Amino acid sequence: MIKKLPWKINSLRVRLTAWYIFLLALTLTLFSSYLYIQLEKSLLAQLDTNLQLTSTQTVTNLINSNGHLAFRKTVDSQAMTQHLLEAGFAIRLIDEKGQILDGLGRYEAIPITLPIQTSFSNLKTSTTTWRVYSQILPDTNNKGEWLQVAESLEPIYEASEHLLTLMVLGFPLVLVIAEFGGLFLADRALRPIERIIRTAGSIGVNDFTQRIGYQGSTDEVRRLAKTLDRMLDRLQLGFEHERRFTADAAHELRTPLTVIKGRIGVTLSRPRTVEEYEQTLQNLEQETDRLIRLTHGLLFLARLDLRSMHPTLLQPVDLSNLLSTLVEQMQPLASTQHIQIIAQISPQLFIRGNADYLTNLFLNLIDNALKYTPSGGTVTVKATQKYQVVEVQVQDTGAGIEAKHLPFLFDRFYRVEEARTRRTGGAGLGLAIANEITRLHNGKLTVESQVNQGTTFSFTVTSHQSPVTSVFS
Ligand code: ATP
Ligand code: MG
């Protein structure tokens, strides 16, 4: 049976270590080869220098005996000669025919070759290789006698071999130690990632409250952990927003349904006259209208949520025309409430947008202004352009909104006063829808309000040059 390995073969730590070992082995091989070559070179250079020095020294110890050169045999020179021989040198004198005239040390073991000029050469025998320095003797130029100083290359070969053995034996050891070190380091470096994986794995579908909360050094791992934590923050926010929205929506739907059920129950509790049934049905119709409005609003918002404005939905829109028509349509409603509605709309205001959505937006603002302004008040719809920015303002002289409510006004289902909204029957979705539509147009929707004086909603958006003006300008 295959035993389970402590690390998966394809895990990052194993791959990292493998790469580390491979690079280390490569570096060691290159470095050792360089070292090996350099060692041999420098030992050889040193040997050559020694041969040359010895040769120069020996020349001073030569005497002329019977018409030929020979080594001086004084006490001093013999001591020096002894010293050279102990150091492993072999020295000889040869004539132009290769005849040995005199010699010191193991000179007979070196094969005879006649040199052409003062130089170094390698001479091989069955047991060793000799490094030989041949020097033509200055005062015997005519005869062509040579002084040869030699030393075996064996010690150099041995030193190189020794180094090679050390490398061959040491390499695997170094690599094994490095492997454990590499695994240990990789393990340490990747431990925080393991923690991140565990935490991320334990985060449930419905629970985004957990965080990785990594506290280590400010490295890439910490950045990763922080990024994940921020992502979880956003997910949690979105999730809670969704949950609140669903709970609010359910609540909003339940209220009219409870009212409907209550009315039906009361009506059916005893026999009723036709007029009473009619009255009940009228009440039910009102509540059903409310339900329909609410579901329409919710559906509209859900659709807007899903969508960022598709380019095909963006068309040049004549805002002046759109607003004038809207004000005209709202006129009858305003008059029934005894509210004056005034339009101050500059001509030729063009923006890029969606006419249906924009109608919905301004309808919501004008509807609110009419709803929250008592009779005798005024609602003004202004539209102007400053440079590239088009601004639409819906102003009323109504009750106004307290400053504490303003930050939440564009939240879904937010209403300032329950009692007042009950009376007017709003669901608190109008401004949320208006805000979403503004977002889709890359615009800005703001509100200013003074209690008992009135409220102004301002919508700003970048203008779009009209096709007509571009033709004639
Ligand atoms: P819906 O528009 O969904 O029918 P609604 O009008 O109550 O309901 P929003 O249009 O979102 O909801 O408005 C939110 C709240 O802001 C309102 O309930 C109201 O209290 C307050 N509000 C909005 N416009 C004005 C205004 N012009 N003057 C005073 N209060 C306003
Ligand atoms: Mg409204």
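Buried means under 20% relative accessible area, exposed means over 50%, and partly exposed lies in between, with a 1.4 Å probe and protein chains only as cover. The structure is a predicted model, in which local features need pLDDT of at least 70 and side-chain atom pairs count only at pLDDT 80 or more, while totals for chains, interfaces and linings use all residues. Residues are numbered from 1 along each chain as its sequence is written, chains are lettered from A and ligands numbered from 1 in the order in which they are written, and side-chain values use heavy atoms, with hydrogens and water left out.

**Exercise 1. Two residues of helix 1**

Task: Decide whether Trp 19 and Thr 54 count as buried or exposed, and describe the surroundings of each.

Solution. Step 1: Trp 19 lies in helix 1, residues 12-59, where a helix is a DSSP run of H or I with at least four residues, a strand is a run of E with at least two, and both are numbered from the N terminus. Step 2: Because its relative accessibility is 56%, Trp 19 counts as exposed. Step 3: Together with Phe 22, Leu 23, Leu 26 and Leu 30, Trp 19 forms a nonpolar surface patch with about 570 Å² of accessible area. Such patches are made of residues with over 30% relative accessible area and no salt bridge, where like charges are joined within 9 Å and nonpolar side chains (Val, Leu, Ile, Met, Phe, Trp, Tyr) within 5 Å; the areas come from the Shrake-Rupley method with a 1.4 Å probe, and for residues only the protein chains shown count as cover. An α-helix has 3.6 residues a turn, so residues three or four places apart point the same way. Step 4: Thr 54 also lies in helix 1, but at 4% relative accessibility Thr 54 counts as buried. Step 5: Leaving aside neighbours within four places in sequence, Thr 54 is in contact (heavy atoms within 4.5 Å) with Leu 84, Phe 89, Ile 91 and Val 149.

**Exercise 2. A hairpin**

Task: Find how strand 1 and strand 2 are joined, and which residue between them takes a positive phi.

Solution. Step 1: Strand 1 (residues 62-65) and strand 2 (residues 68-71) run antiparallel and are joined by four bridges; two strands pair if DSSP finds at least two bridges between them. Step 2: One of the partnerships sets Asn 64 against Leu 69 in strand 2. Step 3: The hairpin has two residues between its strands, and Asn 66 takes a positive phi near 55° there.

**Exercise 3. Leu 304 and helix 9**

Task: Work out which residues Leu 304 touches and how many residues of helix 9 are buried.

Solution. Step 1: Leu 304 lies in helix 5, residues 274-306, and counts as buried because its relative accessibility is 1%. Step 2: Apart from neighbours within four places in sequence, the contacts of Leu 304 are Tyr 357, Ile 433, Glu 436, Ile 437, Arg 439 and Leu 440. Step 3: Helix 9 covers residues 430-440, and nine of its 11 residues are buried, including Ile 433, Glu 436, Ile 437 and Leu 440. Step 4: After helix 9 comes Asn 442, which has a positive phi near 55°.

**Exercise 4. Salt bridges across the chain**

Task: Determine how many salt bridges the whole structure holds, and which parts of the chain Glu 252 and Arg 415 tie together.

Solution. Step 1: A salt bridge is a side-chain nitrogen of Lys or Arg within 4 Å of a carboxyl oxygen of Asp or Glu, and a search of the whole structure finds eight of them. Step 2: In one of them, Arg 211 pairs with Asp 233, with the closest N and O atoms 2.8 Å apart. This pair links distant parts of the chain, since Arg 211 is in the loop between helix 3 and helix 4 (220-268) and Asp 233 is in helix 4, 22 residues apart. Arg 211 is partly exposed at 24%, and Asp 233 is partly exposed at 39%. Step 3: Glu 252 forms a salt bridge with Arg 415, the closest N and O atoms being 2.9 Å apart. Glu 252 lies in helix 4 and Arg 415 in the loop between strand 12 (389-396) and helix 8 (418-424), so the pair ties together parts 163 residues apart in sequence. Glu 252 is buried at 5% relative accessibility, and Arg 415 is buried at 16%.
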